[in-house]
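Here is a walk through the model, one helix face, loop and strand at a time. Keep the viewer open and follow along.

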Amino acid sequence: MPFGLTNAPATFQCLMNDILGPFLRKFVLVFLDDILIYSPTLELHLSHIQQVLLKLREHHISLKASKCSFAQEKLEYLGHIISAEGVATDATKTQAMLQWPTPQSVTELRFVKNYGILAHPLTQLLKKKMFQWSPTAQQAFDHLKQAMSTTPVLALPNFSQPFTVERCL
């Protein structure tokens, strides 16, 4: 990824989307400088890899070999396990989330800010000199951990069906 640019990650993402556009969601996913190539068979996968590499070469984009892995049957990516069986949540990440310790200060609580209704009792504790852990706060914290670690939250959307992404305040 080129650094020194204003808004470099977004600029690079747009570049990758433009260059690899013909392959996106057919056999390629791109997230910033990560390119995932997926295929139903090894033979087809090798063809897909070749197509992507040729397209990158055509646009004078090089890869760092030490950051690449090819023809993997299973890989961990952004808290998920991707394999021939599909995409699943990484159980170790989910377990780590469920084991978050109870916050002891405002600083430790900031990660839940803006989680809307679910975290409302917790966001109230962010007000100046209002941090007082209570049974209501503990219940909200436990509920939030459970909600964030269940499959519907962590699952990828079905790209073959329409869906809407909404911002909750």
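## What α2 packs against

In this predicted model, the buried residues of α2 make their packing contacts with α1, β1 and β2. Those buried residues are H45, H48, I49, V52 and L56. Looking down the axis of α2, they fall within an arc of 100 degrees, so they line one face of the helix. A general point helps here: an α-helix has 3.6 residues a turn, so residues three or four places apart point the same way.

Turn the view to the face of α2 pointing away from that buried side, and you will find the exposed residues E43, Q50, R57 and E58. The length of α2 is also as expected: its 17 residues should span 24 Å at 1.5 Å a residue, and the end C-alpha atoms are 24 Å apart, which agrees.

## Two histidines on the buried side

H45 lies in helix α2 and is buried, because its relative accessible area is 12% and the cut-off is under 20%. Leaving aside residues up to four places away in sequence, H45 touches I37, Y38, S39 and A71.

H48 is found in helix α2 as well. With a relative accessible area of 8%, H48 is buried. Its contacts, again without residues up to four places away in sequence, are F27, I37, Y38 and S39. So where do these two histidines meet the rest of the chain? I37, Y38 and S39 appear among the contacts of H45, and they appear among those of H48 too.

## The partner helix, α1

Helix α1 covers residues 8–19, twelve in number, and reaches 16 Å from its first C-alpha to its last, close to the 16 Å expected at 1.5 Å a residue. Which residues of α1 are buried? They are A8, F12, Q13, M16 and I19. These residues cover an arc of only 135 degrees around the axis, which puts them on the same side of α1.

The buried residues of α1 pack against β1 (28–31), β2 (34–37) and α2. From the other helix, the buried residues of α2 pack against α1, β1 and β2, so you can check this packing in the viewer from either helix. On the other side of α1, C14 and D18 are exposed.

## Loops with positive phi

Two residues are worth a look if you like backbone torsions. R25 sits in the loop between α1 and β1, and its phi is near 65 degrees, a positive value in a residue other than glycine. R25 counts as exposed, at 57% relative accessibility.

H60 comes after α2, in the loop between α2 and β3. Phi of H60 is near 60 degrees, which is again positive in a residue other than glycine. Is H60 buried or exposed? Its relative accessible area is 75%, so H60 is exposed.

## A nonpolar patch and strand β3

L53, L63 and F70 make a nonpolar surface patch of about 260 Å². F70 belongs to the loop between α2 (42–58) and β3 (74–77). At 44% relative accessibility, F70 counts as partly exposed.

Moving on to strand β3, L75 is found there. L75 is partly exposed, with a relative accessible area of 28%. Not counting residues up to four places away in sequence, L75 touches L36, H80, I81 and I82. For a distance to try in the viewer, take L75 and V87: they are twelve residues apart in sequence, and their C-alpha atoms are 9.9 Å apart in space.

## The chain as a whole

How many helices and strands does the protein chain have? There are seven helices and five strands, and along the sequence they follow the pattern α-β-β-α-β-β-β-α-α-α-α-α.

Of the 169 residues in the chain, 24% are buried. The accessible surface comes to about 12400 Å², and carbon and sulfur atoms account for 57% of that area. Among contacts with a separation of 6 or more, 38% link residues 24 or more positions apart.

Key. Residues numbered from 1 in each chain as written. Predicted model: local features only at pLDDT ≥ 70, side-chain atom pairs only at ≥ 80, totals over all residues. Heavy atoms only, no water. Patch = residues over 30% accessible without salt bridge, like charges linked within 9 Å, V, L, I, M, F, W, Y side chains within 5 Å. Areas by Shrake-Rupley, 256 points an atom, 1.4 Å probe, with all protein chains shown as cover. Salt bridge = Lys/Arg side-chain N within 4 Å of Asp/Glu carboxyl O. Helix = DSSP H or I, 4+ residues; strand = E, 2+ residues; numbered from the N terminus. Buried < 20%, exposed > 50% of the residue type's maximum accessible area, 1.4 Å probe, protein only. Expected span 1.5 Å × (residues − 1). Arc of directions from axis to C-beta. Contact = heavy atoms within 4.5 Å.
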